[in-house]
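Me: Could you walk me through reading empty space and surface patches in a protein model? I'd like the general idea, then the case at hand.

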Amino acid sequence: MKMNVDLESLAEATSGAIGSLLSTTILYPLDTCKTKFQAEVPSHGHPKYRNLSDVLWEAISTGQVLSLYQGLGTKNLQSFVSQFVYFYGYSYFKRVYLDKSGSKSIGTKANLVIAAAAGACTAIVTQPLDTASSRMQTSAFGKSKGLLKTLAEGTCSDAFDGLGISLLLTSNPAIQYTVFDQLKERALRNIRDEDDKGLSPASLSAFMAFLLGAISKSVATVLTYPAIRCKVMIQAADIDELTSKRKKKLQKTVSGVLYAIWKREGILGFFKGLQAQILKTVLSSALLLMIKEKISATSWLLILAVRRYLLLPRGRLRNL
């Protein structure tokens, strides 16, 4: 039974990671524009970027369109690892809970706790990659450094900038996947009711998975956005420009960032870039969940095939 649990968790993690990799690559230029827009705090009331299109126009006007992809390798690595860890943890913790409790389904509260636990594990494992990715994206176009050089610019603790907020933001995927699972269960229940014969397992259509993914991510993004912007600003702080220890300390604390936003932008500043965040994250999550739903069955079959091959007796392997 334990082997089956691990294999099912592995299938979930693999399909989720592949879906994340593809969605991240497709939407990366939008992600770069969004991150640079979020990271800016206007000086003397004169913002460099008034909207998301200003970032895109800067890249085009300076002939640095390809720089919209700076940090793509690091982002893909971070995205793949984080989604693999998250989906594996989420699936594994969920199955352990069902085994221990003897329940056939998971309630909303338990689902939130399980999703938060998986998110916390993910944040700790991938924080250095997340920090490096944000710094690379917010670097001046054409001046981004590689992963190792970016991480080597600061101390070991600098690589974990924003970890506290990242742990707080475990509520984001917790909310997202809880809402998604609840909506998915209702949708599948309706599909099963319509399919009286029940000859094949019910599954979501690509459109339905995309729609439910968009709705669930929108809810999570709106509720957690102020913390999201604070995290980006903390991670994107340029170490070379922070010559003053006091300035560095303020730029890298939640209270310092909150004060800077309040002083220069007012209460609306806490939601600067919300539309861009929703556009990017909703499209990304919807694509991720759509791809994951469509390839999860294939991933499961491949893992079963590998397992069957590895468990074959040695004598039979020689005859193949």
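Me: Which classes of residue make up the lining of the largest cavity?

Reply: Happy to help, and keep in mind that this is a predicted model. Sorted by class, the lining of the largest cavity holds 24 polar, eight nonpolar and seven charged residues. In all, 39 residues line the largest cavity, and those nearest its centre are Gln78, Gln83, Asp130, Lys217 and Lys231.

Me: How is such a space found, and how many cavities of 30 Å³ or more are there?

Reply: Rolling a probe the size of a water molecule over the atoms shows where empty space is left. Here the count is one cavity of 30 Å³ or more. The largest cavity encloses about 930 Å³ of space.

Me: Which helix gives the most to the lining of the largest cavity?

Reply: That is α5, with eight residues. At least two lining residues come from each of α1 (2-26), α2 (28-39), α4 (72-101), α5 (108-138), α8 (171-194), α9 (206-236) and α12 (274-310).

Me: Now the outside, please. Which residues form the nonpolar patch on the surface?

Reply: The patch consists of Ile18, Leu21, Leu22, Ile26 and Phe80, which together have about 390 Å² of accessible area. Helix α1 gives the most to this patch, with four residues.

Me: Let's take one member. Why does Ile18 count as partly exposed?

Reply: Ile18 sits in helix α1. Its relative accessibility is 33%, so Ile18 counts as partly exposed: that class lies between the cut-offs of 20% for buried and 50% for exposed.

Terms used:
Residues are numbered from 1 along each chain as its sequence is written. This is a predicted model: local features need pLDDT of at least 70, side-chain atom pairs count only at pLDDT 80 or more; totals for chains, interfaces and linings use all residues. Side-chain values use heavy atoms; hydrogens and water are left out. On a 1 Å grid over the protein atoms alone, a cavity is a set of points where a 1.4 Å probe fits but cannot get out, and a pocket is an open set with protein on both sides within 12 Å along at least five of seven lines; lining residues have an atom within 4 Å of a point. Grid points are joined across faces, edges and corners, and a volume is the space filled by probe spheres set on the points. Ala, Val, Leu, Ile, Met, Phe, Trp, Tyr, Cys and Pro count as nonpolar, Asp, Glu, Lys and Arg as charged, and the others, Gly among them, as polar. Patches are made of residues with over 30% relative accessible area and no salt bridge: like charges are joined within 9 Å, nonpolar side chains (Val, Leu, Ile, Met, Phe, Trp, Tyr) within 5 Å. Accessible areas come from the Shrake-Rupley method with a 1.4 Å probe; for residues, only the protein chains shown count as cover. A salt bridge is a side-chain nitrogen of Lys or Arg within 4 Å of a carboxyl oxygen of Asp or Glu. Buried means under 20% relative accessible area, exposed over 50%, partly exposed in between (1.4 Å probe, protein chains only).
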